[in-house]
Amino acid sequence: MRRLRSSVRLNPPPVLFVSGVETRVASKTSFGTIRTMSSITIDTINQNVKDMQYAVRGAIVAKAGLIELDLASNPTKYPFDKIVMCNIGNPQSLGQKPITFYRQVLALCDFPEMLDTPEAASLFPDDVRRKARDILANMKGGTGAYSESKGVAFLRKMVADGIEKRDGHPCDIEDLWLTDGASVGCHYLMKTLIRDMNDAVLVPIPQYPLYSATLALYGGTLLPYYLQEDKEWGLDVAELKSQTDKGAGLSHPTRSAVRDCPYVTDN
Ligand SMILES: Cc1ncc(COP(=O)(O)O)c(C=O)c1O
C-alpha cells in the first residue's frame with residue numbers, strides 16, 4: 001500500500017472541551033492554532049441532554065474513579081484499600097468468567113479461515129465449530145457486513161425460536177429487531193412514542209435509570225409507580241392506577257409502560 005505523502009496533512013477530528021462554563025468544538029489547523037466554534041456552548045446545546053440523569057454513570061461513580069486512582073499512589077490515605085464498583089451489574093469486573101461458547105463461536109465467525117485449520121479442531125469443541133459454520137452459511141458477507149436493518153434474518157429466526165420455546169407463543173421474525181444492547185432498543189422506542197411532554201410512560205421504581213433518562217432526552221413525562229418493598233418488591237395495583245390516572249390528565253393518554261424486573265440493589 002502506498003503511504004500518504006508527508007506533505008499531506010489531515011486535520012484531527014473536532015474536539016469537545018467541557019470546562020464547566022463553556023463548551024467549544026475546536027479543531028487544530030495545520031498551523032497548530034486552535035479554531036473555535038463559539039456558537040456551540042453549554043447554553044446552546046439541547047436542554048434535554050443537560051436534564052438527563054444517569055446515576056449509575058454519574059457523580060458517585062466519577063468520584064469513586066478518582067479515589068481509585070488516588071489509592072494507587074496513596075495506598076494508606078483511606079480507611080480501605082480497594083473499591084468494589086457496584087454501580088452496574090458487571091460480573092466480569094468481579095472475576096466471573098464470560099460464557100465461553102458465545103466467545104468461541106464469535107471468534108470463528110470473525111475469522112472463518114481458522115475453521116479449516118488443523119488447530120481449530122483442538123482449540124474449539126465440535127458444537128462451537130458446527131454453530132459457527134451454520135451461522136456463516138446463512139449470513140451473506142459474514143460478520144462486519146451490512147445486514148437487513150432489523151438484523152440478520154437467520155439470527156432473528158434463532159431468537160424467535162427461543163422466544164416461542166420459552167413463552168409458548170408464536171413469534172414472527174418480522175416483528176423482531178436485533179439491537180446491540182437493550183439501551184439502543186429503548187432509545188428507538190422512546191424516540192418513536194414520545195411526541196411531547198403530554199406523552200407519558202409508566203416506569204417502575206426502583207428502576208434502571210435508562211428509562212427516566214431517555215424520557216428526559218425525548219421530552220416525555222415520567223409516571224413512576226413504586227414497587228412494594230415489604231411485598232417482595234411486588235406491584236401495587238392501586239399505585240399503578242393512581243399513576244395511570246395522572247397520565248389521563250395529560251392531553252394524550254399514557255403511551256407505554258416499562259415492564260422490567262425490579263432494579264433492586266443493596267448499595
Ligand atoms: C434493567 C436494565 N435495563 C437496561 C439495561 C441496559 O442494557 P444494555 O447494557 O444492554 O444497553 C440494564 C443494564 O444493566 C439493565 O439492568
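Let me start with a term: two residues are in contact if their C-beta atoms, placed from the backbone, lie within 7 Å. With that in hand, hello everyone, and let's look at this chain.

This is a predicted model, so local features need pLDDT of at least 70, side-chain atom pairs count only at pLDDT 80 or more, and totals for chains, interfaces and linings use all residues. Numbering starts from 1 along each chain as its sequence is written.

First, the overview. The chain has 9 helices and 6 strands; these are DSSP runs numbered from the N terminus, helices being H or I with at least four residues and strands E with at least two. Of its 267 residues, 10% count as buried. Buried here says that 20 or more other C-beta atoms lie within 10 Å of a residue's own; exposed is 12 or fewer, and partly exposed is in between.

Now, where is the largest nonpolar core? By that I mean a set of buried Ala, Val, Leu, Ile, Met, Phe, Trp, Tyr and Cys residues joined through C-beta atoms within 7 Å. The largest one has 15 residues, and those with the most contacts inside it include Val203, Tyr211 and Leu223. Strand S4 (200-205), helix H8 (210-218) and strand S5 (221-226) each give two or more residues to this core, with the largest share, 6 residues, coming from H8.

Leu223 is a nice place to zoom in. Beyond its neighbours within four places in sequence, Leu223 has contacts that include Val201, Leu202, Gln243 and Thr254.

How are those elements arranged? S4, H8 and S5 form a right-handed β-α-β unit; right-handed says that, with the strands pointing away from the viewer, the path from the first strand over the helix to the second runs clockwise. S4 and S5 run parallel, joined by 6 bridges, and strands pair if DSSP finds at least two bridges between them. Val203 stands opposite Pro224 in S5. S4 also runs parallel to strand S6 (residues 256-257), through 2 bridges, and there Leu202 has Ala257 as its bridge partner. S4 is largely enclosed by the rest of the structure, because 5 of its 6 residues are buried.

For contrast, take helix H2, residues 59-73. H2 is hardly covered: the count of buried residues among its 15 is 0. From first C-alpha to last, H2 reaches 22 Å, close to the 21 Å expected at 1.5 Å a residue, where the expected span is 1.5 Å times one less than the number of residues.

Finally, Phe101 sits in helix H3 (residues 100-110). Phe101 is partly exposed, because 13 other C-beta atoms lie within 10 Å. Thanks, everyone!
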